[in-house]
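Reader: I would like a close look at a single part of this protein, with the residues named. Please keep to what can be read from the coordinates.

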Amino acid sequence: LSKQQFSDLHAEIARKDVASFVLEMPNLVRADGFDYRPGQPTLLIGDDTTRIKLWIDDGAAIQDGDVQPFLDHLEYLLPDAEARQHLLRWMAFTVQRPGQRVKHALVLSGKQGTGKSYMARVLKLIHGPSNAHEVSVEELHSPFTAWLEAKLIVLIEELMADGRLELANKLKPILTQELIRVNEKHKRVYEVRNLASFFCTTNHETPIYVEEGDRRWWFYR
């Protein structure tokens, strides 16, 4: 926020210039920027920098329960035991190691009404709305990429569009690079830590162009 925006936001404080009042506080903590570090304290204090943690813990709480209905639905969606195990391990990794990411996207393909989208809803509930984001194919084609910042899970429902090769080429660095450039409208381009794992669903048999030997994608129909 600019100084004026900050003062307007806290207009209930009976002072003319709230921003200047706060900036003059001797105990004010001054940060050099932001970082996305799941499980870390609010202030990330390094040797020569102080950053503010962007991660918010609003995911599902751990509790006892019967997971058999979930496993039954997985078996219905993925009859192949090896594929089913891979999906479960992929999901478990995103929960157990949130400071890392899976460097290949999952694509679950099938006819309409089979319950593919249910898996996306489960991932969003597990990680919380602050850490999971549903992105449309239109957004993927857009030059603006603010949706990538501070996300553990990126959900793409109906991965199918014109320009499949163009889309595949755009997603290549996003799926593998540790740092990504964020282009936000009316703001300067900046780099952020990339912790996003991608989960995609589609009704189509060939939703995206993948070169032979490309290990960035796991596809099951």
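Reader: How do H3 and H5 lie to each other, oblique or roughly parallel? Please take in the packing around them and the spaces they border.

Author: The model is a predicted one. The axes of H3 and H5 come within 10 Å and cross at roughly 140°. An angle over 145 degrees would count as roughly antiparallel, and H3 and H5 are therefore oblique to each other. Their crossing is left-handed. On the H3 side the residues that meet H5 are Phe-70, His-73, Leu-74 and Leu-77. They face Lys-116, Tyr-118, Met-119 and Val-122 of H5. By class, this contact has 6 nonpolar residues, 1 polar and 1 charged.

Helix H4 packs against both of these helices. H3, which spans residues 68-77, packs on H4 with the axes 10 Å apart and an angle of about 130°. H3 and H4 are therefore oblique to each other. The crossing of H3 and H4 is right-handed. Phe-70, Leu-71, Leu-74 and Glu-75 of H3 make this contact with Arg-84, Leu-87, Leu-88 and Met-91 of H4. The class count for H3 with H4 is 6 nonpolar, no polar and 2 charged. Phe-70 and Leu-74 thus appear in the contact with H4 and also in the contact with H5.

H4 (residues 81-96) and H5 (residues 116-127) complete the set: their axes come within 11 Å and cross at roughly 20°. Angles under 35 degrees count as roughly parallel, and H4 and H5 are therefore roughly parallel to each other. Their crossing is right-handed. H4 contributes Leu-87, Trp-90, Met-91, Thr-94 and Val-95 to the contact, and H5 contributes Met-119, Val-122, Leu-123, Ile-126 and His-127. The contact of H4 with H5 holds 8 nonpolar and 2 polar residues, with no charged ones. Leu-87 and Met-91 of H4 take part here and in the contact with H3 as well. Met-119 and Val-122 of H5 likewise touch H4 and H3.

The three helices also border the largest pocket, to which H3, H4 and H5 each supply at least two lining residues. This pocket has a volume of about 850 Å³. Its lining has 27 residues, of which Ala-60, Ala-61, Ile-62, Val-95 and Ile-126 lie nearest the centre. Val-95 and Ile-126 are also part of the contact between H4 and H5. H4 gives the largest share of the lining, 5 residues. By class the lining divides into 18 nonpolar, 6 polar and 3 charged residues.

The second largest pocket has a volume of about 510 Å³. Of its 17 lining residues, Phe-34, Glu-149, Tyr-190, Glu-191 and Val-192 are the closest to the centre. The elements that give two or more residues to this lining are strand S1 (33-35) and strand S8 (190-193). S8 provides the largest share, 4 residues. The lining of this second pocket has 7 nonpolar, 1 polar and 9 charged residues.

Enclosed space comes next. There are 2 cavities of 30 Å³ or more. The largest cavity holds about 40 Å³ of space. Ser-117, Ala-120, Glu-134, Leu-155, Ile-156, Glu-157, Phe-199, Cys-200 and Thr-201 form its lining. H5, strand S6 (153-157) and strand S9 (197-202) are the elements that give two or more residues to that lining. The class count there is 5 nonpolar, 2 polar and 2 charged. H5 therefore has a part in the lining of this cavity in addition to its part in the lining of the largest pocket.

The second largest cavity contains about 30 Å³ of space. It is lined by Thr-94, Gln-100, Arg-101, Leu-152, Ile-153, Leu-195 and Ser-197. These residues divide into 3 nonpolar, 3 polar and 1 charged. Thr-94, one of the residues lining this cavity, is also one of the H4 residues in contact with H5.

To return to the pair in the request: H3 and H5 are oblique to each other, with a left-handed crossing.

Methods: Residues numbered from 1 in each chain as written. Predicted model: local features only at pLDDT ≥ 70, side-chain atom pairs only at ≥ 80, totals over all residues. Heavy atoms only, no water. Axes fitted to C-alpha atoms, helices over the stretch in contact; angles between N-to-C directions. Parallel < 35°, antiparallel > 145°, perpendicular 65-115°, else oblique. Left-handed = near helix turned anticlockwise from the far one by under 90°. Contact = heavy atoms within 4.5 Å. Nonpolar A, V, L, I, M, F, W, Y, C, P; charged D, E, K, R; others polar. 1 Å grid on protein atoms, 1.4 Å probe; cavity = no way out; pocket = protein on both sides within 12 Å on 5 of 7 lines; lining within 4 Å. Points joined across faces, edges and corners; volume = space filled by probe spheres on them.
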